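Welcome to the tour! Open your viewer, keep the selection box handy, and follow along one stop at a time.

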Amino acid sequence: LAWCFKNHVYVLLMGDLLESATRTSIGSGVYEQEGTAQDQMEQMVCLLTPLAEAGLILGTLNGNHCDRIMQQSGVNIMKAMARELKVSYLGDACWNLFTVGKEHYTIYALHGRTAAQYDGTVLRAVENIGHSFSADIVAMGHAHKAVNGVMLIQSVVGGQVIERKKFIVVTGSYRKYDGGYWQTRGGRLAKLGSPLVKFFSDRHDIVITW
């Protein structure tokens with residue numbers, strides 16, 4: 001977050017920013033989490049406020065962890081957090097249109113749901129979603145994977161066959177492994193972090209790095 005603030009990097013929040021465990025949640029997270037859901041939200045708001053005030057948060061998606069609070073109380077804690085930060089609440093999935101110079105880029109982003117554990121099967125799940133949406137990027141959170149791929153798409157424009165790229169992105173995580181539930185389940189180690197997406201202003205092109 002400090003790096004994004006220093007380098008003026010825009011951030012799209014993909015959901016699951018809080019543990020939000022309840023007594024009916026799977027596992028022992030309700031006892032292992034640090035602080036109540038209110039404490040977690042206030043800490044996250046404190047962390048994100050500098051970015052929000054600088055206009056660098058493009059919006060936030062909801063996540064299944066925050067849905068735990070919704071299921072128990074009817075309170076949408078992510079929506080409340082977005083209101084406090086004064087950023088757009090994007091629901092479970094949304095379209096985004098970004099203008100960079102004279103170029104326009106579309107992103108279909110969702111928090112998503114998948115039980116896939118391998119990089120390839122997670123990418124395949126996002127690719128299946130991507131078939132329904134003609135976007136430059138289809139991005140999904142949830143899976144705790146730092147992977148991306150590309151699909152080539154052809155269409156006819158002005159009587160000519162035009163080929164373009166559709167990027168598939170699984171947007172990473174910061175979940176600890178040692179001592180966490182993922183280690184308990186025997187889950188695979190995964191690279192931590194977020195993708196850095198560069199949009200070009202002088203041509204329609206995208207580069208994704210980690």
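In which helix is the place of G130? Select that residue and have a look: G130 sits in helix α6, which covers residues 119-130. Keep in mind as you go that this is a predicted model.

**Stop 1: G130**

Is G130 buried or exposed? With a relative accessible area of 0%, G130 is buried. Now show its contacts. Setting aside residues up to four places away in sequence, G130 touches V138 and K166. Next, add T171 to the selection and draw a C-alpha to C-alpha distance. T171 and G130 are 41 residues apart in sequence, and the distance in space is 15 Å.

**Stop 2: the whole protein**

Zoom out and switch to a cartoon view. You can count 7 helices and 9 strands in the protein. Along its principal axes, the C-alpha trace spans about 60 × 40 × 30 Å. How does the radius of gyration fit a compact globule? For 210 residues, such a globule would have a value near 17 Å, and the protein has 18 Å, which agrees.

Turn on the surface. About 12200 Å² of the protein is accessible, and 53% of that belongs to carbon and sulfur atoms. Of the 210 residues, 42% count as buried. Now colour the charges: there are 20 positive and 18 negative side chains, and the centres of these two sets lie 3 Å apart. One more overall number is about contacts between residues at least 6 apart in sequence: 65% of them join residues at least 24 apart.

**Stop 3: the largest nonpolar core**

Here is a general idea to carry with you: in soluble globular proteins, nonpolar side chains tend to be buried together. Select I57, I77, M81 and L85. These are the residues with the most contacts inside the largest nonpolar core, which has 22 residues. Which elements give two or more residues to this core? They are β1 (11-13), α3 (37-53), α4 (64-73) and α5 (77-85). The most comes from α3, with 7 residues.

Pick out I77 and show its partners. Leaving aside neighbours within four places in sequence, I77 is in contact with L18, A37, M41, C66 and I69. Apart from this core lies another, of 16 residues; M14, L90, Y105 and I107 are among them.

**Stop 4: helix α4 and its cover**

Select α4. Its residues H65, C66, D67, R68 and I69 are buried. What covers the buried residues of α4? The cover includes α3 and α5. Just after α4 comes G74, which has a positive phi near 80°.

**Stop 5: two loops with positive phi**

Go to D16, in the loop between β1 and α2 (29-32). D16 is a residue other than glycine, yet its phi is positive, near 55°. Show its contacts, not counting residues up to four places away in sequence: D16 touches G63, N64, H65, C66, M78, H111 and H142. For a longer reach along the chain, add A116. The C-alpha atoms of A116 and D16 are separated by 17 Å, with their positions 100 residues apart along the chain.

One of the residues that D16 touches is H142, so make that your next selection. Where is H142 found? Look in the loop between β5 (137-140) and β6 (146-157). H142 is not a glycine either, and its phi is positive, at about 70°. Is H142 buried or exposed? At 18% relative accessibility, H142 counts as buried, because the cut-off for buried is under 20%.

**Stop 6: two partly exposed residues**

Select P50, which lies in helix α3. Its relative accessible area is 36%, so P50 is partly exposed. Add F5 and compare positions: F5 and P50 are 45 residues apart along the chain, while their C-alpha atoms are separated by 7.4 Å.

Finish with K198, in strand β8 (residues 196-199). K198 counts as partly exposed, at 49% relative accessibility. Which residues does K198 touch, not counting those up to four places away in sequence? They are D205, I206 and V207. For a last distance, add V9: V9 and K198 are 189 residues apart along the chain, and their C-alpha atoms are separated by 9.8 Å.

Note on methods
Residues numbered from 1 in each chain as written. Heavy atoms only, no water. Helix = DSSP H or I, 4+ residues; strand = E, 2+ residues; numbered from the N terminus. Rg over C-alpha atoms; globule rule 2.2 N^0.38 Å. Buried < 20%, exposed > 50% of the residue type's maximum accessible area, 1.4 Å probe, protein only. Contact = heavy atoms within 4.5 Å. Areas by Shrake-Rupley, 256 points an atom, 1.4 Å probe, with all protein chains shown as cover. Lys, Arg positive; Asp, Glu negative; His and termini not counted. Charge placed at Lys NZ, Arg CZ, Asp CG, Glu CD. Core = buried A, V, L, I, M, F, W, Y, C linked by side-chain atoms within 4.5 Å.
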